[in-house]
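Me: I'd like to go through the labels people put on a model like this one. Let's take them one at a time and ask what stands behind each.

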Amino acid sequence: WPTDGTLANWITDHKPLASDPPAGGSAEQFRDPCSPYAVKNASDNLQRTLVGAQVEGNRFGAVVYASKDIARDQWQARETFFIDTFTPAADNLECPDLFEVENGIWVFKWSVQSNLKSKEQDMWIAGTLRDNGDGFDPLPGTSPMPVDLGTVYASRTMAANDSRRLLWGWSRERDQASAEDRRAWQGSMTAPRELTWDATRRMLLSFPAQELLALRGEVLGKIDVPRPAPAARRGAAVATLLAPRGAGAADFEILASAPPAALRGLAVGIRLLANSQVIAEVWLGARGLHIFGNDVPSPVGGVVPRSGASNASGRRALRILVDGTMIEAFADGGVSACTARVYTKVPASEWKAEVCVRGSAGRLKATAWAMEHGV
């Protein structure tokens, strides 16, 4: 515990608060307690936390531990809150997370750990709590949904002072140098995201945190094409949105939008190039949201069920953030998010961005901003 307000000096508690993994589990597969939670009008007045663990039958889930004061008193194992029966490739459940999104409706989020690193992914499912918070029942007819369609793992959420739910994720490298441990690091943090609940569709939506708007600098490029010419082949460029900037802003943001009706037969893409070579492409269309390219080690993306929403202006929007080696894309009115890591020897300040289409389009708009550093 900290002994002063500067957190410079700490003392160690005399014993672990959770000393034993659950029956059938092991200390190796026992980790990542979530923020404490309490159910309104619970009869036992206990605080609870969830811990990722192996349980009996060589299964993986989240186990409830509880105490009167979860910060200081010994935790007592309660029940198995959730078993991951949805992902056969899982070899552990990590980073359990739980928060209420509507009166009586909670979102449970977790990380699927796998020996197949390409299968690791963060998932969420909505449901209700029972037994004072010891048990969880998914909403009827629901199944787990991805937090991100790309390389986000081990994400955590927190409640902001204004009641928003904020999320940060970890995005690992997937190139050969990383696989061979030739780097001195592993992974990087995503930009902060806001999670909001769509009560009508019962969907968890994800957007860049509103504070990131304050990082928008000068406008680097802008297009407004009333009706782009039909493009039969994938990737026909409509216009150059962003030109190489030399020593200028390395990090940038792009927002592109089109009428939702047009996207029934249209895909909109942002192509990033360096020295005429494609680094990465971000595409939004009927087949979902994807990121791929010559410098993306593992193409990522897909379709989230019940997606296809437009933004507040009635247009379907694609927003991407480029920060160092990371590309984060958001679309479908917050339903779809996709993250990829990009490796190139050409700095982002030398990149060029083209807006591309496949199919016929209505009015196509796009703007690029420099993204200033916040610290």
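**Salt bridges, strands and a cavity**

Reply: Let's start with a charged pair: the side chains of arginine 48 and aspartate 44 meet in a salt bridge, 2.6 Å from N to O. Keep in mind that this is a predicted model.

Me: What makes the contact between arginine 48 and aspartate 44 a salt bridge?

Reply: The cut-off is a side-chain nitrogen of Lys or Arg within 4 Å of a carboxyl oxygen of Asp or Glu. Here the N to O distance is 2.6 Å, so the pair qualifies. Side chains of opposite charge can pair when their charged atoms come close.

Me: Why is arginine 48 called buried?

Reply: Buried means under 20% relative accessible area. Arginine 48 has 1%, so the label fits. Aspartate 44 has 16% and therefore counts as buried too.

Me: Which residues are linked with Asp44 and Arg48 in a network of salt bridges?

Reply: Arg78 and Asp134. Over the whole structure, the search finds 20 salt bridges.

Me: Why are aspartate 137 and arginine 130 called partly exposed?

Reply: Partly exposed runs between the 20% and 50% limits. Aspartate 137 is at 33%, so it falls in that range, and arginine 130, also at 33%, does so as well. Their side chains meet in a salt bridge, with 3.1 Å from N to O.

Me: And what does the salt bridge of arginine 164 with glutamate 194 tie together?

Reply: The closest N and O atoms of arginine 164 and glutamate 194 are 2.6 Å apart. Arginine 164 sits in the loop between E10 and E11, while glutamate 194 belongs to strand E13, so the pair ties together parts that are 30 residues apart in sequence. Arginine 164 has 15% relative accessibility and therefore counts as buried; glutamate 194, with 11%, is buried as well.

Me: Why is strand E11 called largely enclosed?

Reply: Strand E11 covers residues 165-171, and five of its seven residues are buried, so the rest of the structure largely encloses it.

Me: How do you know that E11 and strand E12 pair?

Reply: Pairing needs at least two bridges. Two bridges join E11 to E12 (residues 188-189), so they meet that limit, and they run antiparallel. Serine 171 has serine 188 in E12 as its bridge partner.

Me: Which strands pair with E11 over six bridges and over three bridges?

Reply: Strand E10 (residues 152-159) pairs with E11 over six bridges, in the antiparallel sense; arginine 156 has tryptophan 168 in E11 as its bridge partner. Strand E13 (residues 193-198) pairs with E11 over three, again antiparallel, and there leucine 167 is partnered by arginine 193. E10 and E11 also form a hairpin with five residues between them, and in the turn serine 163 has a positive phi of about 80 degrees.

Me: Now the cavities. How many are there of 30 Å³ or more?

Reply: Five. The largest cavity holds about 80 Å³ of space. It is lined by 13 residues, and the closest to its centre are Trp124, Pro146, Val147, Leu204 and Val335.

Me: What makes up the lining of the largest cavity by class?

Reply: There are 11 nonpolar residues, two polar and no charged ones. Strands E9 (145-146) and E14 (203-208) each supply at least two lining residues, with E14 giving the largest share, four.

Methods:
Residues numbered from 1 in each chain as written. Predicted model: local features only at pLDDT ≥ 70, side-chain atom pairs only at ≥ 80, totals over all residues. Heavy atoms only, no water. 1 Å grid on protein atoms, 1.4 Å probe; cavity = no way out; pocket = protein on both sides within 12 Å on 5 of 7 lines; lining within 4 Å. Points joined across faces, edges and corners; volume = space filled by probe spheres on them. Nonpolar A, V, L, I, M, F, W, Y, C, P; charged D, E, K, R; others polar. Buried < 20%, exposed > 50% of the residue type's maximum accessible area, 1.4 Å probe, protein only.
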